[in-house]
Amino acid sequence: MSLSAAEVWDRLLARARQELPEQTFRTWLEPTAALSVDDRTIVVGTPDRFSAEWNESKHAALLSSYAPVALGHPVHVVFTVDEEREKKPQIDFFIAPPPPVLPERRPTGGDRATSTLDARRSTLGNAPAISAPLNPRYTFDHFVIGKSNDVAAAASQGAAQAPGKVYNPLFIYGDTGLGKTHLMQGVAHAMLERDPYTRITYIGTEQFTNEFVAAIQSRTTAEFRRRYRETDLLLVDDVQFLKGKETTQEEFFHTFNAIYEAGRQICLTSDRPPKEIPGLEARLVSRFEWGMVAHVDLPEFEHRVAILRKKAELDHLELTIPDEVLEFIAQHVKSSVRELEGSIIKLLAYASLKRGDITVDLAREALRDKLRSEGAVEALAVAARTGTLVSAPGQALGIPAGSPLTPFVIQQAVSAEWGVTPDGLQSKTRTKTLTVPRQVAMWLTRELLALQLVEIGSAFGGRDHSTVIHSLERAVAMMAEDEAFRARVEKVRRVLETLR
Ligand SMILES: Nc1ncnc2c1ncn2[C@@H]1O[C@H](COP(=O)(O)OP(=O)(O)OP(=O)(O)O)[C@@H](O)[C@H]1O
């Protein structure tokens with residue numbers, strides 16, 4: 001009887017688990033999944049290109065060598081990027097691939113015999129085509145509540161318990177990486193838990209805008225409206241991007257009204273409160289304030305430790321990462337929860353390379369760049385508060401005096417200004433919060449260092465030249481459209497020019 005790809009891979013992994021160091025296994029092999037197998041070759045998918053290359057060079061031969069004993073015949077192991085997984089957020093590195101989508105959607109009559117979980121998967125898999133998938137980890141269970149987010153968390157739970165009532169719309173705002181999307185999707189998961197056939201539409205504002213423009217062009221606005229309005233829960237990320245888009249705002253206003261008047265729940269996120277979104281029509285501002293406006297803030301130290309412990313527990317890393325290391329990370333990484341998560345990923349990868357135990361010293365080494373950029377964010381914030389930004393520009397960005405200007409220094413400066421990190425700029429994450437500063441940083445790199453497109457691409461996580469061209473064009477267009485934005489970019493440029 002021939003084995004499936006998953007079975008073949010399980011057998012090889014079982015051997016690898018016994019022979020490789022625990023951290024190596026967890027970091028590089030656990031996040032993989034078999035894609036196909038034939039008599040001679042098994043193709044194994046990894047979450048990103050780096051881990052495909054790493055596994056290919058370090059582990060492919062070793063795993064192939066297990067085949068004669070584990071399977072009774074030779075099999076060649078080949079690693080490749082699993083395109084589907086590559087599109088997912090970074091933390092998914094540690095979780096198993098989503099379950100297969102089950103057939104068919106809303107049952108009729110007695111068909112409701114499927115288990116809640118299966119039915120819920122089915123609903124997620126059959127969500128309307130306009131909806132982006134929900135992240136299976138963004139549930140209330142996985143969310144750690146503290147002083148910085150307790151109101152937003154309570155309102156989200158309230159909205160999930162009584163959709164369309166008191167907390168409608170629920171508007172969550174705050175800086176990047178602080179759990180707005182997580183909470184909003186938590187509402188969806190909780191509603192699906194209760195009724196697996198709840199129709200969920202989760203979408204980013206940019207996607208809404210793009211689809212609306214496409215609908216106008218193809219004269220299918222009636223269809224567009226119908227699709228958006230046939231939902232029980234509308235989740236919209238990043239509504240600050242509605243600014244200045246008058247026709248889209250008009251359409252959004254009508255979509256909002258239709259869903260609201262039907263007594264269905266709406267949840268929105270933004271990086272600032274409704275009143276502070278420039279160019280947002282007054283009637284939208286007022287509607288966004290009708291229900292509950294809740295802020296998420298930076299977690300304090302104890303909260304950060306609790307979040308890290310929760311992450312470690314969810315990924316079964318409690319024994320791998322000692323508590324004192326989690327506390328060390330919490331002490332130094334303060335800029336966002338996303339950065340806390342990124343620190344764990346980086347630390348694990350580094351420990352695996354070094355084949356060392358995870359200690360505070362190793363963490364300090366592994367997170368050197370991150371700690372420096374955290375320092376830069378803090379220094380910039382202090383400099384902005386105390387007005388020392390212009391007198392000591394390089395230091396305000398955490399850049400030692402006399403540092404040469406390099407792409408990394410530019411990334412540091414832009415990160416500090418936009419409240420993200422250089423790692424985020426180099427990552428493949430495509431949230432607007434990162435794409436905008438990434439485009440700015442690429443543009444500044446081109447302007448100040450006159451690098452080739454391909455060199456810029458490689459300084460930003462290995463992007464190809466057409467992506468770089470697109471980024472440069474976007475940066476130029478945004479500066480042309482928005483005076484305040486241009487001023488912000490110019491401010492960073494002036495600081496960087498003092499380093500040349
Ligand atoms: N309190 C928390 N408990 C557990 N995980 C959290 C918490 N806050 C944030 N996270 C995690 O941090 C990561 C970033 O959160 P999320 O994507 O929700 O941020 P966001 O505020 O929507 O950011 P952005 O504005 O950049 O989209 C997610 O992996 C999320 O699970």
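Helices here are DSSP runs of H or I with at least four residues, strands are DSSP runs of E with at least two, and both are numbered from the N terminus. By that count, the protein chain of this predicted model has 24 helices and eight strands. Of its 500 residues, 41% count as buried. Among the contacts in the chain with a separation of 6 or more, 70% are made by residues 24 or more positions apart.

The sheet is a good place to start. Five strands form an open sheet in the order 5-6-7-4-8, and their pairing is parallel. At its edges are strand 5 (200-204) and strand 8 (292-296), each of which pairs on one side only. Direction ignored, neighbouring strands in this sheet are turned by 15° against each other on average. In general, the strands of a sheet pair through backbone hydrogen bonds, in either a parallel or an antiparallel way.

Two of the pairings can be followed residue by residue. Strand 6, residues 233-237, and strand 7, residues 265-270, run parallel and share four bridges. Within this part of the sheet, Leu234 stands opposite Ile266 of strand 7. Strand 4 and strand 8 are also paired in the parallel sense, over five bridges. Here Gly174 stands opposite Val296 of strand 8. Although strand 8 is an edge strand, four of its five residues are buried, and the strand is mostly covered.

Helix 8 connects the description of the sheet with that of the ligand. This helix lies across strand 4 (170-174), strand 5, strand 6, strand 7 and strand 8, and runs at about 165° to strand 6. Helix 8 (180-194) also supplies at least two residues of the shell around the ligand, as do helix 13 (301-314) and helix 15 (337-354).

The ligand is surrounded by 21 residues, of which the closest are Gly179, Lys180, Thr181, His182 and Val337. Sorted by class, the shell holds ten polar, seven nonpolar and four charged residues.

Where does the ligand's shell lie with respect to the domains? Residues of the shell come from both domain 2 (117-296) and domain 3 (301-366), so the ligand lies between these two domains. Strand 8, at residues 292-296, ends at the last residue of domain 2 (117-296), while helix 13, at residues 301-314, starts at the first residue of domain 3 (301-366).

Definitions and conventions. Residues are numbered from 1 along each chain as its sequence is written. This is a predicted model: local features need pLDDT of at least 70, side-chain atom pairs count only at pLDDT 80 or more; totals for chains, interfaces and linings use all residues. A residue is near a molecule or strand if its C-beta atom, placed from the backbone, lies within 6 Å of it. Ala, Val, Leu, Ile, Met, Phe, Trp, Tyr, Cys and Pro count as nonpolar, Asp, Glu, Lys and Arg as charged, and the others, Gly among them, as polar. Domain bounds come from an automatic or database domain assignment. Two strands pair if DSSP finds at least two bridges between them. Axes are lines fitted to C-alpha atoms, for helices over the stretch in contact, and angles run from 0 to 180 degrees between N-to-C directions. Two residues are in contact if their C-beta atoms, placed from the backbone, lie within 7 Å. A residue is buried if 20 or more other C-beta atoms lie within 10 Å of its own, exposed if 12 or fewer, and partly exposed in between; C-beta atoms are placed from the backbone.
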